[in-house]
Amino acid sequence: MAASRVKFGVVVFPGSNCDHDAYYACKKILHQDAEFLWHKEADLKGADVIILPGGFSYGDYLRCGAIARFSPVMKEVVRFAERGGLVLGICNGFQILLEAGMLPGVLLRNSSLRFVCKYVHVRVEHASTRFTSVCAQGEVLAIPIAHGEGNYFTDHETLKRLEGNGQVVFRYCAADGEIVDAANPNGSLANIAGIINEAGNVLGLMPHPERASDPVLGHTDGQKIFHSIIESVLLGEHSLMTAESGRR
Amino acid sequence: MYLSRIRITLRKSILDPQGKAVEHAVTSLGIGRVKDVRMGKYIELTLDGGSEVEARQVTEEVCKKLLANPVMEDYHYEIEKV
């Protein structure tokens, strides 16, 4: 196939503020196609991957992400995910995925009550996902967080199911990869920083990989998540094509 | 017309850090006897026409679908004819 570029669709809600960072990382750093998708549009413009970016959609009114999920574009995003399309929710995007029921659980106010903005370490708990395939199992990534409501919570049964299915993809950890309370920036249950759905095509995480992609900014670990996605989409197209030509 | 007065509170099992902060502030004011503080939201809906039963149904639906997140919140409401 000639086109070896992946098209990222970055949804823009009123109050999104990391949309441009995500667009910039995809387009200028990773040299892929990227397009903004205004929340009122019901057209995903042929995107291979949808990014729900960070920010304060609808001013965080009511609850973070609670209003954004009713935006027209979200109906299409849900449909896209049901067909197996890749959806990445970053920070406020993660909150929206939870409110929309595309991932289980909630994000509560940070236990410190403070907005936390700093680099953290997260451990890749499962390197076999479509979002982490270029990482090593147990690899520690340095990626910044910036949120006031990132304290992941869910009931006991759901947590057990998440752990059992290998859906906990990222955990806050110390620099050496050890999962300790001191490395938990917000009080998240089981140090959870990011989870994936059962089908493996919807990932939500609090850290901002798009802010750790441009070498100028000092850290590039976030690129690994984008590279995994790109690889997954390109391989997926490839295997689809071979399957089709096999059928003929 | 009917008025729904809705209170949304964090579920008992969920730590309320905001309430805790206020509790500490109360203690540092030197006011004793305040054992616990829980914070929540108060919302009023004004409903057009219909019966009280309908007002109750609408309130219930709005709470369930939008105002409260059942994973972390409970809701209570009273309905009054206005």
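1. A residue is exposed if 12 or fewer other C-beta atoms lie within 10 Å of its own, and buried if 20 or more do. Keep that cut-off in mind for A199(A): it has 9 C-beta neighbours inside 10 Å and therefore counts as exposed. Please remember throughout that this is a predicted model.

2. Where does A199(A) sit? You will find A199(A) in the loop between β10 and β11 of chain A. The hairpin of these two strands has five residues between them, and within the hairpin G200(A) adopts a positive phi near 85°. As for D48(A), 151 residues away from A199(A) along the chain, the two C-alpha atoms are 17 Å apart.

3. Now to the strand that leads into this loop. Strand β10 of chain A covers residues 192–196, and five of its five residues are buried. So you have a mostly covered strand β10(A), followed by a loop in which A199(A) is exposed.

4. β10(A) has a partner in β9(A), residues 168–173, and the pairing is antiparallel, with three bridges. Across this pair, F170(A) faces G194(A) of β10(A). β10(A) also pairs with β11(A), residues 202–205, again in the antiparallel sense over three bridges. Here I196(A) is opposite L203(A) of β11(A).

5. A last look at the two chains together: ten residues of chain A are in contact with eight residues of chain B. On the chain B side, helix α1 (residues 17–28) supplies the largest share, three residues. By type, that side of chain B consists of six nonpolar and two polar residues, with no charged ones.

Key: Residues are numbered from 1 along each chain as its sequence is written. Chains are lettered from A and ligands numbered from 1 in the order in which they are written. This is a predicted model: local features need pLDDT of at least 70, side-chain atom pairs count only at pLDDT 80 or more; totals for chains, interfaces and linings use all residues. Two residues are in contact if their C-beta atoms, placed from the backbone, lie within 7 Å. Helices (H or I, at least four residues) and strands (E, at least two) are DSSP runs, numbered from the N terminus. Ala, Val, Leu, Ile, Met, Phe, Trp, Tyr, Cys and Pro count as nonpolar, Asp, Glu, Lys and Arg as charged, and the others, Gly among them, as polar. Two strands pair if DSSP finds at least two bridges between them.
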